[in-house]
Amino acid sequence: MTEDAGSTLGRLHRSLRLLYTGRSRKATWFRYCLIAFDAATIIYFILTAALQPTGSILAINTVFGLLILTDFAARLWIAEDRAKMFWQIYTIADLVVVTSLLLLPFFTHEAAFLRILRGLRLIHSYHLIRDLRHDSKFFRKHEDAVLAAVNLFVFVFVTTSVVFVLNFDKTAGY
């Protein structure tokens, strides 16, 4: 970070870093809100996967795409090692999701299944796992099972979405 700590950008950088990685109640609450947003986007993606894109759906997709892009840009800006961050599976998944939301509607609707990759972020943040270990006795006791269930959830929905896209006969109606 080359900005002076007293500058506006320096203060913003520090605030974002504390929100994304800090241990305060405010930071923990912020990360739980991010997970709630991730869950809401996944539910939305599942519910709209089989629908034809309308103006409203495209508008909502654009809003979600911009919000996810903003989150991604903030995480990239505060990252200690940006190159390492770019090669993490969750980062690549976010880039695919943002691309499918913002660019692919102009080319094809059939790549919508890629949006479920957002689910990879649901539980794989180190800081979120730390928060859950601290705040939830259930999570501490069943961490492996919870992580396995999230991974299974993502796998099932990605696979189902791929099958739907590749095998759904639009002309027959099924």
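Here is a chat between a reader and an author about the protein shown above.

Reader: What kind of model is this, and how are its residues numbered?

Author: It's a predicted model, where local features need pLDDT of at least 70, side-chain atom pairs count only at pLDDT 80 or more, and totals for chains, interfaces and linings use all residues. Side-chain values use heavy atoms, with hydrogens and water left out, and residues are numbered along each chain, as its sequence is written, from 1.

Reader: What pLDDT does the protein average?

Author: pLDDT is the predictor's confidence in each residue, from 0 to 100. Here 81% of the residues score at least 70, and the protein's average is 81.

Reader: Which element has the lowest mean pLDDT?

Author: Where pLDDT is low, the predicted coordinates shouldn't be read in detail. Among the elements, helix H1 (residues 8-21) has the highest mean, 94, while the lowest, 74, belongs to helix H6 (residues 126-135).

Reader: How many helices and strands are there?

Author: Helices (H or I, at least four residues) and strands (E, at least two) are DSSP runs, numbered from the N terminus. Along the sequence the pattern reads α-α-α-α-α-α-α. That gives zero strands and seven helices.

Reader: What share of the residues is buried?

Author: Buried means under 20% relative accessible area, exposed means over 50%, and partly exposed is in between (1.4 Å probe, protein chains only). Of the 174 residues in the protein, the buried share is 36%.

Reader: How far does helix H2 reach from its first C-alpha to its last?

Author: The expected span of a helix is 1.5 Å times one less than its number of residues. H2 covers residues 25-48, which is 24 residues, and its expected span is 34 Å. The model comes close to that, with a reach of 34 Å.

Reader: Is Thr41 buried or exposed, and which residues is it in contact with?

Author: Thr41 sits in helix H2, and its relative accessibility is 0%, so it counts as buried. Contact means heavy atoms within 4.5 Å. Leaving aside neighbours within four places in sequence, Thr41 is in contact with Phe64 and Arg118.

Reader: Of contacts between residues at least 6 apart in sequence, what share joins residues at least 24 apart?

Author: Take the contacts in the protein between residues at least 6 apart in sequence. The share joining residues at least 24 apart is 60%.

Reader: How far apart are the closest N and O atoms of Arg17 and Glu80?

Author: Side chains of opposite charge can pair when their charged atoms come close. A salt bridge is a side-chain nitrogen of Lys or Arg within 4 Å of a carboxyl oxygen of Asp or Glu, and the structure holds five of them. In the one between Arg17 and Glu80, the closest N and O atoms are apart by 2.9 Å.

Reader: Which parts of the chain do Arg25 and Asp135 tie together?

Author: These two form a salt bridge, with closest N and O atoms 3.7 Å apart. Arg25 is exposed because its relative accessibility is 60%, while Asp135 is partly exposed at 35%. The pair ties together parts 110 residues apart in sequence, since Arg25 lies in helix H2 and Asp135 in helix H6.

Reader: Why does Asp94 count as buried, and which residues share its network of salt bridges?

Author: Asp94 has a relative accessible area of 1%, so it's buried. Its side chain meets that of Arg75 in a salt bridge (2.3 Å, N to O), and Arg75 is buried too, at 15% relative accessibility. The network links Asp94 with Arg75 and Asp71.

Reader: What covers the buried residues of H5?

Author: Helix H5 has 14 residues. Its buried ones include Thr91, Ala93, Asp94 and Val97. Their cover includes H2, H3 and H4.

Reader: Why is Trp87 exposed, and which residues make the nonpolar surface patch?

Author: Trp87 lies in the loop between helix H4 (82-86) and helix H5 (89-102), and its relative accessibility is 72%, so it counts as exposed. Patches are made of residues with over 30% relative accessible area and no salt bridge, joining like charges within 9 Å and nonpolar side chains (Val, Leu, Ile, Met, Phe, Trp, Tyr) within 5 Å. Areas come from the Shrake-Rupley method with a 1.4 Å probe, and for residues only the protein chains shown count as cover. The patch, about 420 Å², is made by Phe86, Trp87, Ile92 and Leu95.
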